[in-house]
Amino acid sequence: MIERTPDAAGPKANPQSVIDGLRKIVGDRHVVTDPAELQVWGCDWTKIFAVDPLAAVFPGTTSEVSAVVKFCHENRIKIVPSGGRTGLAGGAVAGKKEIVISLNRMTNIDPVDRTGLTIRCEAGATTQAVQEAAAAAGLFFGLDLAAKGSCHIGGNISTNAGGLKFIRYGGMREQVLGLEVVLPDGTVLDMNSSLRKNNTGYDIKQLFIGAEGTLGIVTRATLRLTAKPRNVQLACIGVKSFDNILDILTRCNMAGATITAFEFFTDVAHGIVLKHAAGARTPFAARTPFYVILELEDAPGGGSVMEPLLEKFFEDETCLDAVIAQNSTQFKEFWGLRENITESLAAHGHVRKNDISLPVDKLAPFIKELEAEVAKAPKDIEVVLFGHIGDGNLHINYVGPKGGDKDAFQQAARQVEEKIFAILPKYKGSVSAEHGIGLLKKKDLKFSRSIDEIAFMKKIRAIIDPDGIMNPGKIF
Ligand SMILES: Cc1cc2nc3c(=O)[nH]c(=O)nc-3n(C[C@H](O)[C@H](O)[C@H](O)COP(=O)(O)OP(=O)(O)OC[C@H]3O[C@@H](n4cnc5c(N)ncnc54)[C@H](O)[C@@H]3O)c2cc1C
């Protein structure tokens with residue numbers, strides 16, 4: 001145990017003793033205490049919460065993670081696990097003198113198992129690095145998201161990330177076969193097998209998927225790979241109404257198409273991307289109110305599935321316009337129209353983001369209610385919609401003018417958002433499809449989870465982390 005100063009704000013141990021203790025474990029170079037650097041390491045993409053960690057630590061191995069956590073546990077020092085810091089719910093924010101444990105140095109990826117179709121990596125490997133390792137072995141990793149170059153596999157697991165290919169491959173939960181986790185007392189729990197079948201009691205690893213770092217630190221994982229998708233075709237489709245989007249989805253389903261992505265955005269979102277994303281251009285001569293990004297696999301024996309479908313959509317005016325990507329440059333350009341929305345919004349003005357989900361068949365009535373609420377919103381709040389609509393996942397973004405007062409905007413947007421969240425229980429929807437609860441949506445958990453469910457989750461957390469040191473204040 002180290003020296004204590006009972007009156008110290010934050011950790012009960014003397015801050016300098018804490019830093020010295022951490023340096024002994026990971027080496028001087030791997031403990032950051034510079035205030036400017038801590039502002040970066042104690043933060044995620046939300047950038048609306050106060051950031052004030054005591055230090056950021058960069059262990060290089062699972063044993064070091066375990067030793068750091070054990071040290072924090074013995075000294076009752078609170079921990080914030082940190083990945084690529086692309087989270088959109090404030091889950092990786094350290095605002096109360098916590099120790100940030102970053103997995104940034106733990107990026108190893110083992111050789112791909114082509115027979116078992118698995119890949120094993122450390123939690124700090126980026127999503128893109130895992131995608132590339134799979135591709136180099138002639139295989140495919142099914143999670144994809146616009147933040148792939150920065151976000152970590154550990155962060156993906158801890159947020160149960162969804163992303164652009166969820167409709168075909170599922171979210172992160174579906175990719176995880178095994179996990180290694182450091183528990184809040186420093187114990188290393190090795191559940192990192194590559195078994196596909198294992199009915200031997202509770203599947204404990206599932207608890208840590210989507211736990212937002214509140215139950216332990218993910219250090220390694222074994223992930224599922226698949227064969228590469230058959231020649232995929234990509235179309236950008238312009239439509240008049242939201243109903244047209246759902247009609248296209250239904251008809252793709254009924255045609256037996258293998259949909260690998262089904263995304264949508266409004267023309268407002270499109271305009272913002274064209275304004276802010278370098279090199280973005282619209283593929284259409286005339287703009288339309290909504291757009292669909294539809295990605296399909298070709299038929300097993302070859303031959304386009306996309307073209308006959310689009311012909312029918314044109315014939316009965318389900319779509320106003322549509323363009324199929326003809327080469328890899330166009331492929332990237334079309335995807336860019338969707339993937340650049342989040343960053344373009346950030347450049348455009350103040351943003352408050354919602355990430356709701358609904359049963360797909362309830363989207364249309366929900367959208368009508370949403371439009372009615374939005375019509376009552378203050379005029380300087382622009383509502384921008386996009387999302388993984390094929391999964392029932394709608395990103396609602398409230399955008400305020402760049403020069404305006406940030407706090408006043410957040411408060412005004414919060415009022416609109418609360419009204420929209422209040423519609424969700426009627427449709428059994430969720431306030432978070434994929435970004436998580438973090439700090440941002442703690443008050444809103446009640447819209448998606450019953451009192452009994454929340455009490456049960458709290459019980460589980462108290463068993464695993466009785467001293468409350470792991471990512472305190474997140475989720476509830
Ligand atoms: C441009 C952009 C596009 C995005 N698109 C999508 C999308 O399509 N789908 C989607 O789901 N999300 C999306 N996100 C959100 C974000 O990328 C995901 O939530 C991602 O999974 C977070 O990973 P990260 O490594 O950045 O985690 P961080 O932000 O660092 O952390 C997220 C949470 O996980 C915890 N954590 C991180 N690493 C660990 C670990 N090793 N062990 C335990 N806990 C840990 C943190 O404490 C925190 O609670 C997007 C974000 C951006 C900026």
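In this predicted model, the contact between domain 3 and domain 4 involves 15 residues of domain 3 and 13 residues of domain 4. On the side of domain 3 that touches domain 4, at least two residues are supplied by each of α9 (242-254), β12 (259-266) and α10 (267-276), and the largest share, six residues, comes from β12. By class, this side of domain 3 comprises 11 nonpolar, two polar and two charged residues. The C-alpha centres of domain 3 and domain 4 lie 23 Å apart. According to the domain assignment, domain 3 spans residues 232-339 and domain 4 spans residues 347-436, while domain 1 (15-105) and domain 2 (118-227) precede them in the chain.

Helix α10 also packs against α13, with an angle of about 75 degrees and with the two axes 9 Å apart. Because angles of 65 to 115 degrees count as roughly perpendicular, α10 is described as roughly perpendicular to α13. On α10, the contact is made by Ala269, Ile272, Val273 and His276, and these residues meet Ile341, Ser344, Leu345, Ala347 and His348 of α13. Six nonpolar and three polar residues make up this contact of α10 with α13, and no charged residue takes part.

Helix α13 (341-348) is also one of the elements that give two or more residues to the shell around the ligand, together with β3 (79-82), α5 (153-159) and β9 (217-224). In total, 40 residues surround the ligand, and the closest are Gly83, Gly87, Gly91, Gly154 and Gly155. The largest share of the shell, five residues, comes from α5. When the residues of the shell are divided by class, 15 are nonpolar, 19 are polar and six are charged. Domain 1 and domain 2 each contribute at least three residues to the shell around the ligand.

Strand β9, which contributes to the ligand shell, is also part of an open sheet of four strands, arranged in the order β5-β9-β7-β8 with antiparallel pairing. In this sheet β5 (118-122) and β8 (188-191) stand at the edges, and each has a single partner strand, so that one side of each is left without a neighbour in the sheet. Neighbouring strands are turned against each other by 15 degrees on average, when direction is ignored. Strand β7 (residues 176-182) pairs with β9 in the antiparallel sense over six bridges, and within this pairing leucine 179 has alanine 221 of β9 as its bridge partner.

Technical notes. Residues are numbered from 1 along each chain as its sequence is written. This is a predicted model: local features need pLDDT of at least 70, side-chain atom pairs count only at pLDDT 80 or more; totals for chains, interfaces and linings use all residues. A residue is near a molecule or strand if its C-beta atom, placed from the backbone, lies within 6 Å of it. Ala, Val, Leu, Ile, Met, Phe, Trp, Tyr, Cys and Pro count as nonpolar, Asp, Glu, Lys and Arg as charged, and the others, Gly among them, as polar. Domain bounds come from an automatic or database domain assignment. Two residues are in contact if their C-beta atoms, placed from the backbone, lie within 7 Å. Axes are lines fitted to C-alpha atoms, for helices over the stretch in contact, and angles run from 0 to 180 degrees between N-to-C directions. Angles under 35 degrees count as roughly parallel, over 145 as roughly antiparallel, 65 to 115 as roughly perpendicular and the rest as oblique. Two strands pair if DSSP finds at least two bridges between them.
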